[in-house]
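Okay, thanks for coming, everyone. Let me put the sequence and the model up on the screen, and then I'll walk you through a few spots.

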Amino acid sequence: MITEAEKLNADGPQQMNNLCLGGCASKNCLSSYKFGKKVAKMLKKINDHRSNGAFAKVAESQPAASVVVRPEERPISQESMIEKVWSCIEDKDAGVIGLYGLGGVGKTTLLTQINNKFSTTPNDYDVIIWAPVSKHSDVGKIQDRIGGNIGFSDAFWKSKSVDEKAVDIYGVL
């Protein structure tokens with residue numbers, strides 16, 4: 001069908017050359033009539049094909065990696081802290097885990113090691129999202145980073161308000 005349509009499309013300029021009086025009349029009426037019938041028939045075939053087909057989604061987006069492994073330094077002294085945090089993660093009653101401390105004590109290093117442990121240890125999580133939050137972070141930028149990891153990254157998503165993005169993220173997570 002595509003080949004036939006391309007041929008008709010290629011023949012179009014030749015048919016246009018057969019017109020006179022500003023395109024209102026044809027030098028060869030029978031030829032123009034037959035060409036018009038072919039075009040109308042092809043358009044009907046294409047429309048029928050499109051209406052009978054399921055073209056809602058032609059291709060799926062590639063799923064994001066469930067865990068993005070981050071480069072890490074491995075200080076031995078944090079091994080016990082990693083195990084404490086991991087046991088909280090495995091505890092089904094723990095909803096939120098807070099890590100706090102002075103700058104430079106190893107919070108980010110600890111979280112990097114926990115993040116990477118998800119890639120090697122069986123767990124019940126579909127996706128792990130790394131979203132750094134600092135003292136002066138912009139909530140919208142954090143939401144954009146999280147949204148990108150769960151499949152929201154188009155212009156429509158970026159135009160949403162912070163509250164709308166929060167609802168969307170909550171709905172997925």
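So, reading along the sequence, what pattern does the chain follow? It goes α-β-β-α-α-α-α-α-α. In other words, we're looking at seven helices and two strands. Before I go on, please keep in mind that this is a predicted model.

A couple of numbers for the whole chain. There are 173 residues, and 18% of them count as buried. Then take the contacts between residues at least 6 apart in sequence: 49% of those join residues at least 24 apart.

Let's move to how helices pack. In general, you describe two packed helices by the angle between their axes and the distance between those axes. The pair I'd like to show is α3, residues 79-90, with α4, residues 107-120. Their axes are 10 Å apart, and the packing angle is about 55°. Why call them oblique? Well, about 55° is not under 35 degrees, and it's also outside the 65 to 115 range that counts as roughly perpendicular, so α3 and α4 end up as oblique to each other. As for handedness, the crossing of α3 past α4 is right-handed.

Who makes that contact? On the α3 side you have M81, I82, E83, V85, W86 and I89. Facing them from α4 are L110, Q113, I114, K117 and F118. If you sort the residues of this contact by class, you get eight nonpolar, one polar and two charged.

Hang on to W86 and F118 for a second, because they turn up again in the aromatics: W86, F118 and Y125 form one aromatic cluster. So W86 from α3 and F118 from α4 are in the helix contact, and both belong to that cluster as well.

How many aromatic pairs does a search of the whole structure find? Three. One pair worth zooming in on is F152 with W157. Their ring centres are 4.8 Å apart and the planes sit at 15°, so this pair is stacked. Now, are these two buried or exposed? F152 has 23% relative accessibility, so it counts as partly exposed. W157 is at 2%, and therefore counts as buried.

Next, the other helix pair, α5 and α7. Here α5 is residues 139-149 and α7 is residues 162-172. The axes are again 10 Å apart, and the angle is about 30°. That's under the 35 degree cut-off, so α5 and α7 are roughly parallel to each other. The crossing of α5 past α7 is a left-handed one.

From α5, the contact residues are V139, G140, Q143, D144 and I146. From α7, they are V162, K165, A166 and I169. Split by class, the contact of α5 with α7 has five nonpolar, two polar and two charged residues.

While we're on α5, let me point at G148, which is found in that helix. With 39% relative accessibility, G148 counts as partly exposed. Its C-alpha is 9.6 Å from the C-alpha of I129, and those two are 19 residues apart along the chain.

Then go past α7 and you get to L173, in the segment after that helix. L173 is at 64% relative accessibility, so it counts as exposed. What does L173 touch, leaving out residues up to four places away in sequence? I129 and I150. Also, L173 and V127 are 46 residues apart along the chain, with their C-alpha atoms separated by 9.4 Å.

Last stop, helix α2. H49 sits in there, and the helix covers residues 29-52. H49 has a relative accessible area of 46%, so it's partly exposed. Between H49 and M1 there are 9.7 Å from C-alpha to C-alpha, and the two are 48 residues apart along the chain.

I46 lies in α2 too. At 27% relative accessibility, I46 counts as partly exposed. Not counting residues up to four places away in sequence, I46 touches M1 and A5. For I46 and A5, the C-alpha separation is 9.0 Å, and they're 41 residues apart along the chain.

Okay, that's my tour. Over to you.

Methods: Residues are numbered from 1 along each chain as its sequence is written. This is a predicted model: local features need pLDDT of at least 70, side-chain atom pairs count only at pLDDT 80 or more; totals for chains, interfaces and linings use all residues. Side-chain values use heavy atoms; hydrogens and water are left out. Axes are lines fitted to C-alpha atoms, for helices over the stretch in contact, and angles run from 0 to 180 degrees between N-to-C directions. Helices (H or I, at least four residues) and strands (E, at least two) are DSSP runs, numbered from the N terminus. A crossing is left-handed if the near helix is turned anticlockwise from the far one by less than a right angle, and right-handed if clockwise. Contact means heavy atoms within 4.5 Å. Ala, Val, Leu, Ile, Met, Phe, Trp, Tyr, Cys and Pro count as nonpolar, Asp, Glu, Lys and Arg as charged, and the others, Gly among them, as polar. Rings of Phe, Tyr and Trp (its six-membered ring) pair if their centres lie within 6.5 Å; planes under 30 degrees apart count as stacked, over 60 as edge-to-face and the rest as tilted. Buried means under 20% relative accessible area, exposed over 50%, partly exposed in between (1.4 Å probe, protein chains only).
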